[in-house]
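Visitor: I am new to this structure. Please take me through one part of it, the cavity and what surrounds it.

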Amino acid sequence: RPEIDADRRPGRFLLLGSAAGQLLRQSAESLAGRIAYLQLGPLLASEAAHDLSDLQRLWMRGGFPLSLLAADDAASFEWRSDFIQTFLQRDLAAWGVRTPAALLARFWTMLAHLSGQVFNASQLGQSLGGLSHTVVARYVAVLEDAMMLRRLPPWSGNVGKRLVKSPKIYVRDSGLLHALLGIDSLLALQGHPIVGASWEGFVLEQIAAHAGAAAQLSFYRTAAGAEIDVVVDQPGRRLVFEIKFSSAPKVGKGFWMARQDLQPDASYVVAPIDVRYPMAEGVEALPVFGLPEVLAG
């Protein structure tokens, strides 16, 4: 802190990586008012994909550079498997997490199977041998703090409807999701039941990265069946995104009901397509490559 105060120049110090839990507990300085935090996630489509072939590779392998740039799918899968093992056995322990690595591995794998679904802590705890919902919530918080999971909250507002109140859970990097589920190739992924949820989580990460720090992300679902995958509330406007793994995307009745409830400024259906085109009045089909533009306004 004295070093910073003696010469206040933005960017003079760049602090990378993580510190051991014991070291963090010994630190007496918060650096409040002197520090800004940036979340540096894996590579995005806007950074590492130029066409649909690149996009498929990024989705399959995930955005960690050594996984994405591996010589082949087998080498990429091996790197991700080793990363998961090292992260659970070494990194979490170094950060002060005392939960057995084997239990966290089982927990993370079960969450991978549930990626994109509404999260039920009590039900998951029963599947893990009767763990309480508070213990399950603590495990989720550990993986969320480590940027391995994303918790997408339900939209909350006064629309006079009965809303779903539990969050959705996603494995943030699609490559790690596939490694946890033993999916080692694009062909295996396309035939797996998780394919739709995997694509949804992949697109969600692109949206979150480009939405801006002031944006609020959520999903919308009512008991009557109205549903939209991602609601982005930015200062002064609301955007909604339905995510479809189809080259000819279509939306159902629930989308139109939700759109009527939310009254968004713009509505998009994100799909693995090349070009942007109108689907109906006020609704456009959008390739992943178009997300930075629409989210930047």
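Guide: Three elements each supply at least two residues of the lining of the largest cavity: strand 2 (168-171), helix 10 (174-180) and helix 12. Keep in mind that this is a predicted model. Helix 12 provides the largest share of that lining, with four residues.

Now the full list. The lining consists of Ser115, Tyr170, Val171, Arg172, Asp173, Ser174, Leu177, Ala197, Ser198, Gly201 and Phe202. By character, five of the lining residues are nonpolar, four are polar and two are charged. The space inside the largest cavity comes to about 40 Å³. The structure has one cavity of 30 Å³ or more.

Next, follow helix 12 to the largest nonpolar core. Helix 12 spans residues 195-211 and gives the most to this core, nine residues. The core has 70 residues. Among its members, Trp108, Leu217, Val232 and Phe241 touch the most others. In soluble globular proteins, nonpolar side chains tend to be buried together.

Look closer at Val232. Leaving aside residues up to four places away in sequence, Val232 touches Ile207, Ala211, Ala215, Gln216 and Leu217, among others. Its contacts also include Arg237, Arg238, Leu239, Phe241 and Leu295.

Another core lies apart from the largest one. That core has 13 residues, including Val231, Val240, Ala258 and Leu262.

To retrace the route, start at the cavity, where helix 12 supplies four lining residues. Then go on to the largest core, where helix 12 gives nine.

Conventions:
Residues are numbered from 1 along each chain as its sequence is written. This is a predicted model: local features need pLDDT of at least 70, side-chain atom pairs count only at pLDDT 80 or more; totals for chains, interfaces and linings use all residues. Side-chain values use heavy atoms; hydrogens and water are left out. A nonpolar core is a set of buried Ala, Val, Leu, Ile, Met, Phe, Trp, Tyr and Cys residues joined through side-chain atoms within 4.5 Å. Buried means under 20% relative accessible area, exposed over 50%, partly exposed in between (1.4 Å probe, protein chains only). Contact means heavy atoms within 4.5 Å. On a 1 Å grid over the protein atoms alone, a cavity is a set of points where a 1.4 Å probe fits but cannot get out, and a pocket is an open set with protein on both sides within 12 Å along at least five of seven lines; lining residues have an atom within 4 Å of a point. Grid points are joined across faces, edges and corners, and a volume is the space filled by probe spheres set on the points. Ala, Val, Leu, Ile, Met, Phe, Trp, Tyr, Cys and Pro count as nonpolar, Asp, Glu, Lys and Arg as charged, and the others, Gly among them, as polar.
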